[in-house]
Amino acid sequence: MAEIQVENLKVVYRGVILALQGVSLRAGAGEAVALLGPNGAGKSTLVRSLAGLLPQYDGRVLDGRILLNGQESHHLPALKVASLGLTAILEGRPIFRYLTVVENLRAAGHKLPPERQKAITEEIFTRFPRLYERRFEQGGYLSGGEQQMLLLGMALLTEPKILVVDEPSLGLSPKLTEEVMRVLDELRRDKGLTLLLVEQNAKAAFSIVERVYVMEQGRIVFEGTSQEAQADADVMEFYLGGAAAGGFAEAKRYRRRKRWV
Ligand SMILES: Nc1ncnc2c1ncn2[C@@H]1O[C@H](COP(=O)(O)OP(=O)(O)O)[C@@H](O)[C@H]1O
Ligand SMILES: [Mg+2]
């Protein structure tokens, strides 16, 4: 059992900026769920909340709660949350740029017994042959796609039950985006992971999740299956149409915002 439940979560930065205004979301054990929405919607704030990282950003939970496997976690520090089986890959590809691939992996797996670390590292190199080829290269010299694979490898070394990934497709070509989505889907199935995929690229997310939430201005404005989302004219116009064109249709979003709230 590895389930995420977010109930009416309100989050504030610096005591005044209300970034989440009562967000509820659920991902069942082994389920793949996407959180979609434009820049500034509050997606990364939810990721930070789940990972216990709000204090690092001068943020805090005002109201509501998060349950991981039924255990309240929103007041726990990051290390404690990690020990409950949740691993978050934050946006912006936060690898150690001056460490090699091997060193990055060693750092990520430092808490594991050596033989476990070795076995998982071998698995990573089998899954990602390209990372093996580049194992002595500094992280900063890898391509965006390779860095994303490295981050997934680093996540595997924490043996997660719940994986939260913040905008893995950002800055990647359509082909690499497809590859990253395929890998995420494979990992979820092979490991029985619960996956919360945070994306602006709705089209990419639809390919591997059963259900989606759409967020705007700190609120969930749509919740349904991938099929329902794709059949919804508004969601299509705002989120899939925009994404297919390579980004959000800003003008349309602002013109029609009133219909959401
Ligand atoms: N550390 C911070 N301090 C103050 N405001 C922040 C901070 N991080 C994010 N915000 C604000 O919170 C809102 C949601 O941001 P974010 O969660 O990063 O959205 P998204 O990931 O959907 O782009 C935005 O208005 C953003 O400016
Ligand atoms: Mg973000």
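Here are a few friendly notes on the strands and the helix of this predicted model.

1. A good place to begin is the sheet. It is open and made of four strands, ordered β2-β1-β4-β5, with antiparallel pairing. The edge positions go to β2 (17-27) and β5 (71-72); each has a single partner strand, so one side of each lacks a neighbour in the sheet.

2. Next, have a look at how β1 is held on its two sides. Strand β1, residues 4-13, runs antiparallel to β4, residues 59-68, and eight bridges join the two. The pairing of β1 with β2 is also antiparallel and covers eight bridges.

3. If you would like to check the register, I4 is a handy residue to click on. Its bridge partner in β2 is A27, while in β4 I4 stands opposite L68. For Q5, the bridge partner in β4 is L67. As a reminder when you follow these residues, side chains in a regular strand alternate between the two faces of the sheet.

4. The turn between β1 and β2 deserves a glance too. This hairpin has three residues between its strands, and R14 adopts a positive phi near 50° there.

5. Finally, the helix. Helix α1, residues 43-51, lies across three strands, β1, β2 and β4. Relative to β4, helix α1 runs at about 65°.

Conventions
Residues are numbered from 1 along each chain as its sequence is written. Chains are lettered from A and ligands numbered from 1 in the order in which they are written. This is a predicted model: local features need pLDDT of at least 70, side-chain atom pairs count only at pLDDT 80 or more; totals for chains, interfaces and linings use all residues. Two strands pair if DSSP finds at least two bridges between them. Two residues are in contact if their C-beta atoms, placed from the backbone, lie within 7 Å. Axes are lines fitted to C-alpha atoms, for helices over the stretch in contact, and angles run from 0 to 180 degrees between N-to-C directions.
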